[in-house]
Amino acid sequence: MAYVNIDQIYEQDANLISDAIKIRFFPFAAHSGEGCRLRDVEGKEYLDFTAGWALANTGYSNLHVKQAVIDQLNRTTFAGLVSSMHEPALHLAEKLVDLVPGDFRKKVWFGLCGSDASETVSRLLPLASGKRRMVSFIGAYHGSTSASMNMSAHIAQTQFIGSGNVVKVPYPNPYRCPFGDDISDCGERAIRFLEDYIFKTICPPDDVAGIIVETIQSDGGDIVPPAHFLPMLEEVCRRHDIYLVVDDVKVGMGRTGEMFSFEHFGVTPDVVILGKSLGGGLPLSAVVARQEILDVGLSLALFTTAGNALSCTAGLATIEAIEQDGLIDNAKEVGGYMHNRLCELKDKHPLIGDVRGLGLIQGVELVKNRQTKEPASREAAKVVYRAFELGLLIFYVGMFSNVLEITPPLILTEAETDEGINILDQALSDVEAGRVSDESIAHYAGW
């Protein structure tokens with residue numbers, strides 16, 4: 001059956017596709033894409049400020065990545081790693097070991113998504129360290145497998161009750177400091193809470209295998225912590241012989257204006273988790289870590305299709321495209337330009353309480369009142385829906401579902417930035433004027 005319009009697809013999607021896999025903000029059905037633009041089945045074109053949840057860093061239909069995948073498909077449709085070897089995995093692993101900072105012996109584990117990579121880390125760290133516990137942060141989203149959800153603490157996962165080996169502590173949000181609005185240094189207070197309270201009460205540090213952290217807490221609200229927070233956290237890890245794990249699945253691979261987001265903060269993780277954009281659109285994740293962690297035992301984390309030759313080929317080609325096309329510098333420059341344009345919108349629209357981000361991950365937090373900071377959750381859903389109607393794809397995130405998240409392909413130009421910001425400006429005006437009804441978003445619950 002050929003689907004020729006959105007209504008047909010929407011009806012069949014409701015009939016056939018599990019709700020468990022859906023976070024829907026508007027009725028969009030992708031048909032084709034090129035650069036920073038997507039077209040639906042009816043031929044309407046949209047400027048994409050999502051990159052498919054920060055996946056399409058090199059844009060849609062990148063020629064270098066596409067040709068590499070075609071060439072590999074012509075060689076074979078499948079080659080795996082479980083009981084054989086292949087060159088694409090070796091080439092990609094060699095590249096990753098070279099790229100990821102750290103003056104120690106590193107190896108690479110390959111998977112299919114950020115969730116299985118986080119799952120693997122949660123499995124291997126206790127074995128490698130001989131310690132039972134992990135520490136993660138409230139607001140984190142590390143995946144949707146059982147163990148990765150156990151390390152997460154996002155409102156979307158509150159139906160899942162994890163095991164007791166993971167202790168979750170507050171993440172330093174400068175706009176909404178969990179320790180109170182009168183706190184002058186939220187990052188320092190978060191470290192003190194961890195060391196002076198958590199470590200001295202329910203979670204002794206000599207039983208902590210690792211601390212897992214997002215350098216920018218993306219799904220938790222695109223939160224950029226105070227600059228000194230991560231160096232302080234690293235110092236805590238070194239002093240207590242705890243592995244530092246950075247989840248760079250969403251904000252790595254050039255998005256922040258550095259190849260890896262933690263490079264902004266001058267820290268050297270023991271473990272780096274990669275995914276999403278690493279595969280250039282194909283399913284691929286990686287853990288780059290100290291050898292003693294990844295070699296702790298045989299056959300402890302294997303999947304038949306993980307590290308397949310096609311995905312590894314796409315991964316290497318994606319890194320090559322990022323480097324050859326100067327996308328890291330572009331993310332830094334266009335991201336700075338976008339941040340300034342968003343700050344201009346903040347001056348114009350009372351709905352905007354805060355603008356934050358690094359490079360081409362920007363968060364716009366919507367509030368009903370700038371003094372009380374009451375989250376404008378319904379308004380965020382309406383802005384996203386209205387932007388869609390006007391030709392811009394954008395999602396919202398956050399613990400209160402009130403942060404507009406902007407993660408476009410890293411090839412975005414300043415002209416495309418202006419185009420998207422102008423649409424967002426109109427969408428905000430329409431919502432503030434009451435021109436977007438509750439009924440329009442009734443079927444799109446989002447988070």
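**Exercise 1. Tyr-3 and its surroundings**

In this predicted model, classify Tyr-3 as buried, partly exposed or exposed from its relative accessible area, and find the nonpolar surface patch to which Tyr-3 belongs.

*Solution.* Start with the value: Tyr-3 has a relative accessible area of 33%. Buried means under 20% and exposed means over 50%, with partly exposed in between. Tyr-3 is therefore partly exposed.

Next, place Tyr-3 along the chain: Tyr-3 sits in the segment before α1, the helix that covers 6-16.

Now look at the patch. Patch residues need over 30% relative accessible area, and Tyr-3 has 33%. Together with Met-1, Leu-16, Ile-17 and Ile-21, Tyr-3 makes a nonpolar surface patch of about 580 Å².

**Exercise 2. The disulfide**

Find how many disulfides the whole structure has, and describe the geometry of the link between Cys-177 and Cys-186.

*Solution.* First, search the whole structure: one disulfide turns up. Then check the distance. The sulfur atoms of Cys-177 and Cys-186 are 2.4 Å apart, and the cut-off for a disulfide is within 2.5 Å. For the handedness, take the angle about the S-S bond, which is 90°, and the link is right-handed. Finally, consider the cover: Cys-177 and Cys-186 are both buried.

**Exercise 3. A cysteine outside the disulfide**

Work out which cysteine sulfur is nearest to that of Cys-203, and whether Cys-203 is buried or exposed.

*Solution.* The nearest cysteine sulfur belongs to Cys-237, 12 Å away, and Cys-203 is in no disulfide. With a relative accessible area of 0%, Cys-203 is buried. For practice, try Cys-36 as well: at 2%, Cys-36 is also buried.

Key:
Residues numbered from 1 in each chain as written. Predicted model: local features only at pLDDT ≥ 70, side-chain atom pairs only at ≥ 80, totals over all residues. Heavy atoms only, no water. Patch = residues over 30% accessible without salt bridge, like charges linked within 9 Å, V, L, I, M, F, W, Y side chains within 5 Å. Areas by Shrake-Rupley, 256 points an atom, 1.4 Å probe, with all protein chains shown as cover. Salt bridge = Lys/Arg side-chain N within 4 Å of Asp/Glu carboxyl O. Helix = DSSP H or I, 4+ residues; strand = E, 2+ residues; numbered from the N terminus. Buried < 20%, exposed > 50% of the residue type's maximum accessible area, 1.4 Å probe, protein only.
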